[in-house]
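Here is a small set of exercises to work through with the model open beside you. Try each task before reading its solution.

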Amino acid sequence: MTNAQNPAAPKGATGILVLADGTIIWGRGFGATGSAVGEVCFNTAMTGYQEVMTDPSYAGQIVTFTFPHIGNVGTNDEDVEADSPHALGCIVREDVTAPSNFRDQKPFDQWMTEQGRIGISGVDTRALTRRIREAGAPNAVIAHDPDGQFDMDELLAKARGWAGLEGMDLAKEVTGHQTQLWDGKGQGAGIWRLGHGYAPLEDMEASSSRPHVVALDFGAKRNIFRNLVKAGAKVTVVPAKTSLDDILELQPDGVFLSNGPGDPAATGSYAVPVIQQLLDADMPLFGICLGHQMLALAAGAKTIKMHQGHRGANHPVQRIGGGWDETEGLVEITSMNHGFAVDGDSLPDNIRATHKSLFDGSNCGIEIIGKRAFGVQYHPEASPGPQDSFYLFEKFVGLIS
């Protein structure tokens, strides 16, 4: 790491990360050329880099992978969570090597190029991660030029001029724009199995026996809808700004509030009033990540920007609150991706905390007392554990069956 006042590039450097404080990190660029500005975060998962890059919750972010060998299993068409990547780029330790996996369809660096996403290898990701942990997630510009030619002043100005994620509504940028029955869109509507791929949706439109879930899409991952289908629901996906009247016109048995990027308070400016009206109507509700945060806002709690956030696939979460019978205190291994959180100290009397992080004690789950409404901060659809958290989908569908 060097300072912007001494920007000499080491030999062979074709990639660069310029932090808003003037710090320069050199590396070897791969993927697309050009530059992008966003918030730098880190993810501790050892697998799932393609899922991470295509998760809409990573919109506006540059992901530092702490696992050094990113790209070694290549890419395939099944491990994506959206039609295109939403993370702006990624930072890795080792160069992307030739893929070594029977499911590989395309090398990771080629996939990054085709998807218009920038990567940098050769970075001391351990040092960068420590910096984020100590100083918080910085704003930065990631850039790649095969000739190693960079306008340092322009990149630094771009990093310093970016407003940051706090106060930013990104859900409106990543939401779908049509109301549609979830059928997998060619990607399969049901759960994936080795050797079988994704299960097809069998006669869902004509099925009258499945309870109907309307899913508000704030940047949802596809596997959430697949898990709702697996749990027994019929799912209709609607855009983030869908009105209460349009939701009720679909005659839902329950409403799902999806994950998504950005500041929940900003997205909540239009979503929270709708959620409050759904609560008043005693509609069963289930929220994940951003949806969980906005459910909390609708019930009177507050959200906060975290220092470094939680992003990884091995986060321990404990069941709390006294409503778990013999499983009170049980620990789930969870997958997380969030830079904002529900402020546990702000919960009003009508909200009961149901889960907490064993890393830092932050809130990871709530239920609304007297209502059929609950949410979790983590991602049960990401198969952590691997099946520790599927019960949440069954719980929700059970409420509306």
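**Exercise 1. The largest pocket**

Task: Describe the lining of the largest pocket by residue class, then find its volume and the residues nearest its centre.

Solution. Keep in mind throughout that this is a predicted model.

Step 1. Sorted by class, the lining of the largest pocket holds 19 nonpolar, 19 polar and 11 charged residues.

Step 2. That lining comprises 49 residues, and those nearest the centre of the pocket are Thr47, Gly48, Glu51, Asp79 and Ala382. Two or more lining residues come from each of α1 (49-54), α6 (222-230), β16 and β17.

Step 3. The space in the largest pocket is about 1100 Å³.

**Exercise 2. Closed spaces**

Task: How many cavities of 30 Å³ or more does a search of the whole structure find, and which elements supply the lining of the largest cavity?

Solution.

Step 1. The search returns 2 cavities of 30 Å³ or more.

Step 2. Start with the largest cavity, which has about 150 Å³ of space. It is lined by 17 residues, and Ser57, Gly262, His338, Gly339 and Phe340 are the closest to its centre.

Step 3. Now assign the lining to elements. At least two residues each come from α9 (290-298), β16 (303-319) and β17 (331-342). β17 has the largest share, 4 residues. By class, the lining of the largest cavity counts 6 nonpolar, 8 polar and 3 charged residues.

Step 4. Turn to the second largest cavity, with about 50 Å³ of space. Its lining includes Trp324, His355, Glu367 and Lys395. Two or more lining residues are given by each of β18 (351-357), β19 (363-368), β20 (373-376) and α10 (391-400). β20 gives the most, 3 residues.

Step 5. For the second largest cavity, the class count is 5 nonpolar, 3 polar and 2 charged residues.

**Exercise 3. A strand residue and a loop residue**

Task: Is Lys356 buried, partly exposed or exposed, and where does Ser362 lie?

Solution.

Step 1. Place the two residues. Lys356 belongs to strand β18, while Ser362 sits in the loop between β18 and β19.

Step 2. Compare the accessibilities with the cut-offs: under 20% is buried and over 50% is exposed. Lys356 is partly exposed because its relative accessibility is 31%. Ser362 is buried because its relative accessible area is 15%.

Step 3. List the contacts, leaving out residues up to four places away in sequence. Lys356 touches Pro316, Val317, Gln318, Ile320, Gly361, Ser362 and Cys364. Ser362 touches Met306, His310, His355, Lys356 and Ser357.

Step 4. Add a long-range check. Between the C-alpha atoms of Lys356 and Asp83 there are 33 Å of space, and the two residues are 273 apart in sequence.

**Exercise 4. The two sides of a helix**

Task: Which residues of helix α3 are buried, and why can they be said to line one face?

Solution.

Step 1. Pick out the buried residues of α3 (residues 125-135): Thr125, Leu128, Thr129 and Ile132.

Step 2. Look down the axis of α3. Its buried residues stay within an arc of 100°, so they line one face of the helix. The background is simple: an α-helix has 3.6 residues a turn, so residues three or four places apart point the same way.

Step 3. Find what the buried side meets. The buried residues of α3 pack against β2 (15-19), β3 (23-31), β4 (34-43), β5 (61-65), β6 (89-91) and β16.

Step 4. Now turn to the face pointing away from the buried side, where Arg126, Arg130, Glu134 and Ala135 are exposed.

Step 5. Look just past the helix: Gly136 follows α3 and has a positive phi, near 95°.

**Exercise 5. Cysteines without partners**

Task: How many disulfides does the count come to, and why is Cys90 not in a bond?

Solution.

Step 1. The criterion is two cysteine sulfur atoms within 2.5 Å. By this rule, the count is 0 disulfides.

Step 2. Test Cys90. The closest cysteine sulfur, in Cys41, is 11 Å from the sulfur of Cys90, so the pair is too far apart for a bond.

Step 3. Test Cys364. Its nearest cysteine sulfur belongs to Cys289 and is 10 Å away, and Cys364 is in no disulfide.

Step 4. Check burial. Cys90 is buried, at a relative accessible area of 0%, and Cys364 is buried, with a value of 0%.

Definitions and conventions: Residues numbered from 1 in each chain as written. Predicted model: local features only at pLDDT ≥ 70, side-chain atom pairs only at ≥ 80, totals over all residues. Heavy atoms only, no water. 1 Å grid on protein atoms, 1.4 Å probe; cavity = no way out; pocket = protein on both sides within 12 Å on 5 of 7 lines; lining within 4 Å. Points joined across faces, edges and corners; volume = space filled by probe spheres on them. Nonpolar A, V, L, I, M, F, W, Y, C, P; charged D, E, K, R; others polar. Buried < 20%, exposed > 50% of the residue type's maximum accessible area, 1.4 Å probe, protein only. Contact = heavy atoms within 4.5 Å. Arc of directions from axis to C-beta.
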